Amino acid sequence: MRRRFGTRLRAVGAVLAAAALAACGTAGPGAGGGAQEPVVIWALQDDALNKIEQDSINRFGADRAKLETFGNDPYKQKLRVALGSPQAPDVFFNWGGGNLKEYVDAGKVADLTGLLEANPQLKSAFLPSVLDGAKIGGKHYGIPMRGMQPVVLFYNKKVFAEAGAQPPKTWDDLLGLVDTFKAKGVTPIALAGSQAWTELMWAEYVLDRIAGSEVFQNIRDNGPQGWKDPKVVEAMTVLKGLIDKGAFGDNFASVGYDIGGASTLLAQGRAAMHLMGSWEYTNQLSQSPDFVKAGDLGWVAFPSIAGGKGQAGTVVGNATNYYSLTEGSPQLEAAKEFVSTQLTTPEYVKALIDAGDVPAVAGIEEQLKSAPNAEYTTWVYELAKNAPVFQLSWDQDLPADQAEFMLTQLQEFFLGNLTPQAFADSLANRA
Amino acid sequence: MTAVQIRPTVRQAPPVHPRRRARPNLVAGVGAALWLVVVIVPLYYLLSGSLRNRGEYLTGDSLSLPENPTLDNYATVLEGGFGTYLLNNVIVTVGTVALVIALAVPCAYAVARSTSAVVRYGFTLLLMGLAIPAQATIIPVYLLITRLHLYDSLTAIILPTAAFALPVATLVLVNSLRDVPRELYEAQELDGASPLQTLRHLVLPLAKPAVMTVLIYTALTAWNGFLFPLVLTQSTDTRVLTLGLWEFQGQFGANVPGLLAAVTLSVLPIFVVYLIGRRFLLTGLTAGFGK
Amino acid sequence: MTTVRPSPAYALPAFAFFGIFAALPMVLVVYLSLTAWDGLGTPAFLGLENWSRLLTDAAARESLGRTAVFIVLTWAVQTPVALLMGAWSAGRQRNRAILSALFFIPLLLSTAAIALLWQVLLDPNFGLPQSVTALQSIGFLGDPEIALYTVVFVVSWQYIPFHALLYQGAARNIPVVLYDAALIDGASRWGRFWFVTLPQLRYTVVTSSILMMVGSLTTFDTVLILTNGGPGTATRIAPLYMYDTGFAGFQMGYASTIAVLLLVLGTALSLITMKVTRFRSMQSQQEGQ
């Protein structure tokens, strides 16, 4: 329901309600829902995806469900407000992980374990590592609803060819490449350092390769004390070696991602590599089509690190997005029916693939091969499918206030204002 | 208590003093030239950048004239939801101005003429508002708006924007009404006019310049507002221009010329007003903060 | 004779409206500073815990320190330029009128537009530094040592015209006889500015200074868009820290604590400035009562 006009009436209501608020400080009047109400589904604004979602609703019954979409950044704020009020949606889009855990802990999310147990074919339809991204305390709280977004090391093939270089397989390769490209006056790695989440991708991969996924999972499950693990300092020291070598150039702190800085540097050959989510492919395709069509955009998995404990092939990133259901919603049964029947239909999966997504659905190799950009999408699919662990981005996996703090500390670290030890200490000692 | 220095708005500046032909003021000339560069270069960059295609923007000389000027960026922006944002901005601005004028004019009349203690205390409370930075109250305003179920509506922007514009508006009006000679009010009363008639036939006509000032001041505040829309709205349907600009940054990705076109378009309406009525606009801008 | 005066009812809607949407939030923010509220559900009373946290929060201390530097610098940059420009543009010569019309253009741009423009302009790879080599080595937005100065510059660029306008208005109200007397005394141009213009503008200096300082204390949108507090935390001034805490970290209670601090500081800043400068209260300046 959108309210835009009716200032006067609303102002009167506002006065009354404000008086009520001042008197008791409780939530406003609730919105009652009858049984005939449609299932309200909240999702992010995304031209391609929204159309696919609407089609899935039409198959379910156009009058049985209703899609409402919101812009990216403040979506979490909106969701938080709604879940804390009687105006909650019945089904909501989310990222899984710790972000979802906050709502689970507040008792706002319906347990879907029973639903999945009762429908084995539904459970087995998804890649297990991805389905587990919304598993909290051994229970399932979300169903994957779109493509996977692992973080991938992109590189400019032309720049590599000119330098006679090969994409890195190991960390030592990467360090060698830094020297190679610096000597040629090319920034070795583009980094949109004005936005901390791009730096986070480096920290996530390096810690994972060196220590395995347990260290971060311990932090997530048992609190900030986990940052005290010596492996954190070890990993950050390795990363610092890369930064101090000048791998990211000298002005990365003012390069942005939203404004296209890092991506453009790669496409223009002013930088050789760029670590980014798998969406970077479609991003480059729309922003620098000539670059992609010439076949100059290359991609590899994040290099291994010699002596590290991490399982080879582990990926970090956004496993996918999930639909979760609101606990206590009057439309819970209808919502369950929607998520259990509509997210694995051939039409839905095909539509996602056609839009360039790589759905977290098992056994779609052949389908991917016949779709556009097959080389890339098949590679991403295999990468994610074979990953023993799909580590969710830390900023999505930690509670909001910890994530916020971690991101600023990470920026300080990349700027050289915090040593690896100081970085770990500040995160561990936060009240 | 308050930062505002009040001078009666009706008093005119002294007549232009025909300066003797003095020797040219060199220091001032150099200073003015310097400032001109500081102001003009970014504006030129804005305008010329918005006319370049993306390739030229990324590789070309950003200070030269665009080689192949194009309006494509403007087309992209206009197709990218700019119309909705503009309309929302107009609704918010008109709504805020209407609310402020409707509340402030009768209030100022009462403050200027009433002897009631309620009015006096109320006015003091209102003046305190001059010192409250709106930024410091966003969290409770957010709480209030969500609890009133107004979140993500244009009304949510209008209400607090109007509330925080009210002190300056009332003050400007009160000062202008206090300049009205008492005899005029008394003449009205002798004629048996009710306060409502006095308001319509005496106060409104006399306060017209002050109302204009309030109108412009409030309109500019609402038009350029960022914080309340940022915190109180959400969806594209309720997005105003300032937020829209910020969102364009993410939406257009590397299309910087598109972003520059959006910025240019957002300035255009006010620029037109500036060209037509510069004096009015500037007076409104500094409303209440001395003349 | 009975005078028919408007009943208080004329003023009540305005008072009530202001009370709910401006005064009530001011009271509520104090209450919220005593609660824990994560945006979900209802604020839970906590007592003084947020306040004791504020005392030991290094990030808050640093952001306040930055705010202090920011206030001083924006004042020191803006005041002389605005004062000179105001006095200069008060002259009614034709060339001054034309140039002033150009000078005041930044007033027309919203903060969002200005911050985005400068962000694009200062981009080290694709902005102005691409064409002007001398600028390439300066990390306007990327060097933690420099970024805050960049923000000071951008904020000054935006607000100098506004303050110049205040000075222009005041300068035009200076009685011409004062200048004539100074001329007869043989005062130089500089002398006339120093001994006539400046003293006559003293109230405007106070007004403008208070507006500047409170404005800088609460500057938020420029930093959010231009640097988002970065690089690192180099430009995270107090209002942005409040916003991040509240709307990114969802610690609304603690964010309210910072807000109360800003509220108190803002009021104190105005009061102290007026006290120190013996600026008479608004009431006594009013005429035509």
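## Surroundings of helix α3 in chain A

In this predicted model, the buried residues of α3(A) pack against β1 (39-44), β2 (65-70), β3 (91-94) and α4 (97-105) of chain A, and they also pack against α5 (138-147) of chain B and α11 (238-248) of chain C.

Helix α3 of chain A spans residues 75-83, and because 9 of its 9 residues are buried, the helix is largely enclosed by the rest of the structure. The buried residues of α3(A) include the charged-letter positions K76(A), K78(A) and R80(A), and among the others are Y75(A), Q77(A), L79(A), V81(A), A82(A) and L83(A).

## Strand pairing around β11 in chain A

Strand β11 of chain A (residues 315-318) is joined by 2 bridges to strand β7 (residues 149-156) of chain A, and these two strands run antiparallel. Within this pairing, N318(A) in β11(A) stands opposite Q149(A).

β11(A) is also joined to strand β13 (residues 390-392) of chain A, here through 3 bridges and with the strands running parallel. In this second pairing V315(A) has F390(A), in β13(A), as its bridge partner.

## Chain C as a whole

Chain C, which contributes α11 (238-248) to the surroundings of α3(A), has a secondary structure of 13 helices and 2 strands. Its C-alpha atoms fill a box of roughly 80 × 70 × 30 Å along the principal axes.

Of the 289 residues of chain C, 54% count as buried. Among the contacts in chain C with a separation of 6 or more, 68% are accounted for by residues 24 or more positions apart.

Note on methods:
Residues numbered from 1 in each chain as written. Chains lettered and ligands numbered in written order. Predicted model: local features only at pLDDT ≥ 70, side-chain atom pairs only at ≥ 80, totals over all residues. Pairing = 2+ DSSP bridges. Helix = DSSP H or I, 4+ residues; strand = E, 2+ residues; numbered from the N terminus. Buried ≥ 20, exposed ≤ 12 C-beta atoms within 10 Å, placed from the backbone. Contact = placed C-beta atoms within 7 Å.
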